[in-house]
Amino acid sequence: MSEVEKIVKKVIGEVLGIKKESLSENSHLTADLGADEYDYSKIVLRLEDSLKITIPDQICEKYFSISSPEATVGNIIQQIESLVEKLILKEASKPQPRHP
């Protein structure tokens, strides 16, 4: 289990009052876990804070919405891992300052 996966499951579990060990990748946040719009907002804010990232609106609309069939634990983990990876690659490609 990746560090990002641990954090995502921890945040979802804390917000929804569910043990992270009982979260399945196929669990839908609303249909299976009972999340409402307020829960989705809290999850997004906590993930952004915990991982020091910004989750784009298009990802929020697709994966953090009551009506979205894509709002499963596994899909959210995958999207957040992808965001973190892009951020790491972006940071690594920045020119490093030269010291005289």
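In which helix is Val73 found? Select Val73 and you'll land in helix α4; helices here are DSSP runs of H or I with at least four residues, numbered from the N terminus. Before you click on, know that this is a predicted model, where local features need pLDDT of at least 70, side-chain atom pairs count only at pLDDT 80 or more, and totals for chains, interfaces and linings use all residues. Residues are numbered from 1 along each chain as its sequence is written, and side-chain values use heavy atoms, with hydrogens and water left out.

**Stop 1: Val73**

Keep Val73 selected. Its relative accessibility is 0%, so Val73 counts as buried (under 20% relative accessible area is buried, over 50% exposed, and in between partly exposed, using a 1.4 Å probe and protein chains only). Now add Lys9: the two residues sit 64 places apart along the chain, yet their C-alpha atoms are separated by 7.6 Å. Contact means heavy atoms within 4.5 Å. Leaving aside neighbours within four places in sequence, the contacts of Val73 include Lys9, Ile12, Ser24 and Leu33.

**Stop 2: the rest of α4**

Select residues 73-93 to see all of α4. This helix has 21 residues and reaches 30 Å from its first C-alpha to its last, close to the 30 Å expected at 1.5 Å a residue (the expected span is 1.5 Å times one less than the number of residues). Among its buried residues are Ile76, Ile77, Ile80 and Leu83. An α-helix has 3.6 residues a turn, so residues three or four places apart point the same way. The buried residues of α4 pack against α1, α2 and α3.

**Stop 3: α1**

Next, pick residues 3-16, helix α1. Buried residues here include Val4, Val8, Val11, Ile12 and Val15, and their cover includes α2 and α4. Just after α1 comes Gly17, whose phi is positive, near 70°.

**Stop 4: where α1 meets α2**

Add residues 37-51 for α2: the two helices pack at an angle of about 140°, with axes 10 Å apart. That makes α1 oblique to α2, because angles under 35 degrees count as roughly parallel, over 145 as roughly antiparallel, 65 to 115 as roughly perpendicular and the rest as oblique. Axes are lines fitted to C-alpha atoms, for helices over the stretch in contact, and angles run from 0 to 180 degrees between N-to-C directions.

To see who touches whom, show side chains including Ile7, Val11 and Glu14 in α1, plus Lys42, Ile43 and Leu47 in α2.
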